[in-house]
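Colleague: Could you walk me through this model before I go back to the bench? I'd like to start with the fold and then move on to the DNA.

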Protein chains: 4
Amino acid sequence: MTTSAGEAVGRVQRKRGRRIQQILTTAAELFGERGYDGVSLEDVAERLDVTKGSLYYYFSSKDELVTAAIETLGNDWTDRLERLRAAQDGPPAARLRGLIRAHVAIAVNEYPAALRLFLVPGTWPQAQRTRITALRRRHDQVFRTVLTEGVESGDFAVVGIDVTLQVMHAAMSQAPLWCAEGAPGERDRTLDELADALMKLVAR
Amino acid sequence: MTTSAGEAVGRVQRKRGRRIQQILTTAAELFGERGYDGVSLEDVAERLDVTKGSLYYYFSSKDELVTAAIETLGNDWTDRLERLRAAQDGPPAARLRGLIRAHVAIAVNEYPAALRLFLVPGTWPQAQRTRITALRRRHDQVFRTVLTEGVESGDFAVVGIDVTLQVMHAAMSQAPLWCAEGAPGERDRTLDELADALMKLVAR
Amino acid sequence: MTTSAGEAVGRVQRKRGRRIQQILTTAAELFGERGYDGVSLEDVAERLDVTKGSLYYYFSSKDELVTAAIETLGNDWTDRLERLRAAQDGPPAARLRGLIRAHVAIAVNEYPAALRLFLVPGTWPQAQRTRITALRRRHDQVFRTVLTEGVESGDFAVVGIDVTLQVMHAAMSQAPLWCAEGAPGERDRTLDELADALMKLVAR
Amino acid sequence: MTTSAGEAVGRVQRKRGRRIQQILTTAAELFGERGYDGVSLEDVAERLDVTKGSLYYYFSSKDELVTAAIETLGNDWTDRLERLRAAQDGPPAARLRGLIRAHVAIAVNEYPAALRLFLVPGTWPQAQRTRITALRRRHDQVFRTVLTEGVESGDFAVVGIDVTLQVMHAAMSQAPLWCAEGAPGERDRTLDELADALMKLVAR
DNA sequence: GATGAATGAGTTTTCATTCAT
DNA sequence: GATGAATGAAAACTCATTCAT
């Protein structure tokens with residue numbers, strides 16, 4: 001044996017991790033598209049080209065799978081926004097607009113389905129709601145930071161920070177529902193318009 | 001017999017109509033709370049204190065019941081907003097704000113559940129979506145009229161009428177999710193804030 | 001209408017009751033034969049010539065059905081023994097022997113399966129155990145009464161009342177396992193022997 | 001190399017044997033506690049801290065594992081009783097009582113679960129029943145020998161040898177169900193009582 | 001009009017078993 | 001020897017729908 005047992009364990013673990021990610025990605029897509037009740041484990045399994053039973057090897061229930069899927073998707077998304085914010089500089093207005101634009105671009109282009117995951121938590125079993133709320137809070141924080149900065153520097157004028165964040169979040173989450181159609185070029189213009197409209201919320 | 005057959009028929013019809021309204025109201029509440037798949041006909045029947053079978057006397061399928069429930073609720077709501085608008089006068093800003101304020105008040109106080117009915121149409125069976133879209137359009141029209149007037153009169157400055165309506169609608173529909181808690185007094189203040197924030201979208 | 005609504009309700013209730021009894025009898029037979037895990041609801045349904053779904057109309061889970069089945073069977077049995085005891089007279093020995101003989105006759109001829117229902121409660125889901133224990137206690141009481149009488153009158157001499165009852169119960173419950181075979185005539189002789197053997201437990 | 005290939009094979013065999021014993025002991029415990037259907041191979045594997053797959057290296061099916069487990073347990077038990085009987089002397093009554101006392105002590109203290117293994121063979125798949133019956137017969141033989149001797153010597157008077165053995169066996173197997181509770185001291189007294197009660201079955 | 005009963009198709013879940021590594 | 005992964009068949013349970021009364 002040229003590899004130690006430890007390495008072997010590590011390799012197996014990594015492989016398992018990759019498989020789980022695969023499942024979660026697929027699940028997130030499907031549940032995002034059609035909601036909790038709209039997707040059966042059969043559906044998930046079929047898209048992965050395995051049998052239902054296999055899913056139970058990794059997750060002990062539909063609820064657990066869904067929770068994990070939401071968590072993964074939400075964290076990935078927030079990570080990207082956080083990295084973007086960390087990399088930004090310039091005046092608050094430019095930075096906030098950048099975040100908004102990035103958020104709706106991800107929403108519309110990559111997770112057209114995610115709306116349902118965060119927007120309507122009432123649909124989910126109780127267990128999931130807590131997690132979703134936590135994710136949502138972390139997600140909010142990215143925008144709150146920039147917004148607060150702008151308000152304190154006098155660049156922004158808002159009715160209230162909380163209410164402004166709520167409006168932004170609502171509008172961004174909804175975006176996929178009405179921006180999905182149209183050619184890519186047109187879509188980009190629509191997204192720009194949306195970002196511009198939301199920036200009015202902080203205009204002096 | 002002092003009543004003619006015609007009157008008897010009429011009376012029966014009215015009674016039937018009232019029963020149907022009862023069912024629709026209850027159904028709208030439940031479906032609004034928990035979504036299409038989250039509510040079984042058993043649930044609806046139980047809340048009405050009848051049996052599942054009876055529902056089939058009035059509606060030939062779950063879908064039909066749901067469609068009718070959405071329609072009723074949506075029309076009632078829009079009717080109220082239209083009456084309000086017809087009764088309004090004064091400058092566009094005051095009128096638009098009045099409409100927004102009335103809308104969120106209805107949403108939060110009376111149909112806290114309606115969010116799901118209009119906001120996430122993807123959840124509904126295809127048949128319903130068409131109706132929902134139509135309702136949504138009629139609903140939009142109320143706001144669009146005032147918004148267009150204000151823009152044309154130069155009272156409002158917007159990025160785009162469509163995008164502004166979308167943002168407003170999204171924010172108003174979401175409102176019940178974050179305004180539900182708190183004492184009535186505090187809630188009113190939150191709704192005022194929301195209306196103020198949305199008015200920034202049309203500020204010059 | 002010649003029958004009042006009350007009568008109609010009563011008739012429906014009775015019909016429902018009869019149906020439930022039918023199901024319970026069948027279920028008790030099957031579960032007695034093959035145990036909790038050995039019988040699927042499909043099995044029960046098939047024997048009743050209905051579909052699984054129908055069972056759920058009357059019982060909300062397999063556990064509930066099983067519990068009810070055990071309860072019914074246990075109560076019927078005890079009722080019969082109690083009636084027998086009430087009708088008996090004569091010296092304690094004759095009465096005790098009569099009870100024992102009746103008990104094993106019922107066990108062997110009518111509920112050859114019941115053994116598992118009372119003898120090995122560990123097999124059953126926790127919820128059922130409580131009920132089974134209660135049934136068992138009521139059942140014991142029939143024998144305890146006569147046994148105590150005999151001891152107090154000096155007709156019986158026992159090592160201890162509790163231990164004697166336990167031995168009797170164990171032996172009677174087991175009987176179907178080794179008395180089932182043989183012609184009816186031979187079987188009767190075996191049951192007589194068993195009753196005689198158990199009477200030695202109380203001999204002076 | 002100081003050990004020959006043969007010795008190596010032997011060592012491996014012994015190791016294999018020990019592993020098998022380990023599995024069988026664990027399996028016997030679990031199956032005794034919860035019955036055939038109540039225990040999954042996953043349960044057995046987990047308790048042994050191996051994976052399900054590994055069990056298939058030693059046993060080709062669940063049935064085979066269960067059969068072997070029962071066999072082992074039953075043989076051990078009978079061996080101990082046979083050795084005890086071989087070592088006994090004195091009058092038949094003392095010897096029979098000794099056997100009974102030893103049997104219930106083992107049952108209650110060591111295999112509180114074994115009841116299900118022997119008492120309710122109907123639970124087991126057909127294949128196992130034959131083996132269980134054989135074991136049971138061997139087990140019976142120990143008691144039958146002493147009982148017969150006592151009857152022939154005139155020390156015992158019984159209704160019938162078979163029926164007496166059946167009653168004894170039933171009572172002893174049940175013992176764990178009602179002797180399990182209480183402090184060790186009290187438990188011993190209960191077991192003594194049980195032995196005394198059973199001795200009445202052979203009293204002149 | 002209304003109800004109780006029944007159905008059947010679909011969904012979640014479990015588990016003995018197989019197998020490549 | 002042992003493991004992780006996968007399978008497939010069967011089980012419990014749900015629910016929209018139908019229908020005789």
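Colleague: How many helices and strands does chain A have?

Modeller: Chain A of this predicted model has nine helices and zero strands, where helices (H or I, at least four residues) and strands (E, at least two) are DSSP runs numbered from the N terminus. Read along the sequence, the pattern is α-α-α-α-α-α-α-α-α.

Colleague: What should I know about the conventions?

Modeller: Residues are numbered from 1 along each chain as its sequence is written, and chains are lettered from A and ligands numbered from 1 in the order in which they are written. In this predicted model local features need pLDDT of at least 70, side-chain atom pairs count only at pLDDT 80 or more, and totals for chains, interfaces and linings use all residues, while side-chain values use heavy atoms, with hydrogens and water left out.

Colleague: Back to chain A, what share of the residues is buried?

Modeller: Of its 204 residues, 45% count as buried, with buried meaning under 20% relative accessible area, exposed over 50% and partly exposed in between (1.4 Å probe, protein chains only). The accessible surface of chain A comes to about 9700 Å², and 51% of that belongs to carbon and sulfur atoms; such areas come from the Shrake-Rupley method with a 1.4 Å probe, and for residues only the protein chains shown count as cover.

Colleague: And how much of the contact in chain A is between residues 24 or more positions apart?

Modeller: Such residues account for 70% of the chain A contacts with a separation of 6 or more, a contact being heavy atoms within 4.5 Å.

Colleague: Now the DNA. Which residues come nearest to strand E?

Modeller: There are 30 residues around DNA strand E, and Tyr56(A), Lys62(A), Ser54(B), Tyr58(B) and Tyr58(C) come nearest; a residue is near a strand if one of its heavy atoms lies within 4 Å of it. The surface near strand E divides into 13 nonpolar, 10 polar and seven charged residues, with Ala, Val, Leu, Ile, Met, Phe, Trp, Tyr, Cys and Pro counted as nonpolar, Asp, Glu, Lys and Arg as charged, and the others, Gly among them, as polar.

Colleague: What part of strand E faces the protein, backbone or bases?

Modeller: Of the strand E atoms within 4 Å of the protein, 71% belong to sugar or phosphate and the rest to bases. Among the polar contacts (pairs of N or O atoms within 3.5 Å; within protein, one must be able to donate a hydrogen and the other to accept it, and residues adjacent in sequence count only if both atoms are side-chain atoms), a side-chain atom of Lys62(A) lies 2.6 Å from a phosphate oxygen of strand E, and the side chain of Lys62(D) has an N or O atom 2.8 Å from a phosphate oxygen of that strand. On the base side, an N or O atom in the side chain of Lys52(D) is 3.3 Å from a base oxygen of strand E.

Colleague: And which residues are closest to strand F?

Modeller: DNA strand F is surrounded by 30 residues, the closest being Tyr57(A), Tyr58(A), Lys62(C), Ser54(D) and Tyr58(D). Sugar and phosphate make up 71% of the strand F atoms that come within 4 Å of the protein. A polar side-chain atom of Arg16(A) lies 2.8 Å from a phosphate oxygen of strand F, a side-chain N or O atom of Tyr56(C) is 3.0 Å from a phosphate oxygen, and Lys52(C) has a side-chain N or O atom 3.1 Å from a base nitrogen.

Colleague: How many aromatic pairs are there over all chains?

Modeller: A search of the whole structure finds eight. Tyr57(A) and Tyr58(A) have ring centres 5.1 Å apart and planes at 85°, so that pair is edge-to-face; rings of Phe, Tyr and Trp (its six-membered ring) pair if their centres lie within 6.5 Å, with planes under 30 degrees apart counted as stacked, over 60 as edge-to-face and the rest as tilted.

Colleague: Is Tyr57(A) buried or exposed?

Modeller: Tyr57(A) counts as exposed, because its relative accessibility is 58%.

Colleague: Last one: where does Ser173(C) sit?

Modeller: Ser173(C) lies in helix 8 (residues 161-179) of chain C and is buried, with a relative accessible area of 9%. Its side chain reaches the backbone oxygen of His169(C) at 2.8 Å, and the C-alpha atoms of Ser173(C) and Ala107(C), 66 residues apart along the chain, are separated by 7.1 Å.
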